[in-house]
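Visitor: I am new to this structure. Please show it to me, and then let me ask how its labels are earned.

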Amino acid sequence: MWALRASVRATRRVVARPYSTGGKSRHALVYSEIFPPMFRVLAYSTATYFAMHLMWVTLASAEERRAQAAEIEGLRTEIRAAQGK
């Protein structure tokens with residue numbers, strides 16, 4: 001019996017399964033070739049967005065400070081005019 005099993009095993013051929021291509025699977029392809037570029041684009045776009053937002057906030061606060069200084073100077077001029085100086 002044992003000899004029969006050994007001879008059957010020896011005569012079996014290795015048959016490739018139709019779903020096995022021998023290469024990378026589609027699932028592995030997504031992780032190795034699609035996610036790294038997508039992550040890179042996401043990182044660059046996020047960094048660009050936050051840099052532009054920081055620049056906008058900085059410029060807006062500088063503009064607001066100039067507007068407040070001009071308003072304060074106008075009010076001081078009105079006060080001096082009202083006091084007669």
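Visitor: What area does the protein chain expose, and what share of it do carbon and sulfur atoms supply?

Guide: The protein chain exposes about 8500 Å², and carbon and sulfur atoms supply 64% of that area. Accessible areas come from the Shrake-Rupley method with a 1.4 Å probe, and for residues only the protein chains shown count as cover. This is a predicted model, in which local features need pLDDT of at least 70 and side-chain atom pairs count only at pLDDT 80 or more, while totals for chains, interfaces and linings use all residues. Residues are numbered from 1 along each chain as its sequence is written, and side-chain values use heavy atoms, without hydrogens and water.

Visitor: What secondary structure does the protein chain have?

Guide: Two helices and zero strands. Helices (H or I, at least four residues) and strands (E, at least two) are DSSP runs, numbered from the N terminus.

Visitor: How does the reach of H2 compare with the expected span?

Guide: H2 has 58 residues and reaches 83 Å from first to last C-alpha, close to the expected 86 Å. The expected span is 1.5 Å times one less than the number of residues.

Visitor: Where in H2 does a kink lie?

Guide: At Ile-34, shortly before Pro-36, with a bend of about 40°. The bend is the angle between axes fitted to the seven residues ending at a residue and the seven starting there.

Visitor: Why does Ile-34 count as partly exposed?

Guide: Its relative accessibility is 40%. Buried means under 20% relative accessible area, exposed over 50%, and partly exposed in between (1.4 Å probe, protein chains only), so Ile-34 is partly exposed.

Visitor: What makes Glu-73 and Arg-80 a salt bridge?

Guide: Their side chains meet at 3.9 Å, N to O. A salt bridge needs a side-chain nitrogen of Lys or Arg within 4 Å of a carboxyl oxygen of Asp or Glu, so this pair qualifies.

Visitor: Why is the pair of Tyr-49 and Phe-50 called edge-to-face?

Guide: The ring centres of Tyr-49 and Phe-50 are 5.4 Å apart and the planes are at 70°. Rings of Phe, Tyr and Trp (its six-membered ring) pair if their centres lie within 6.5 Å; planes under 30 degrees apart count as stacked, over 60 as edge-to-face and the rest as tilted. The pair is therefore edge-to-face.
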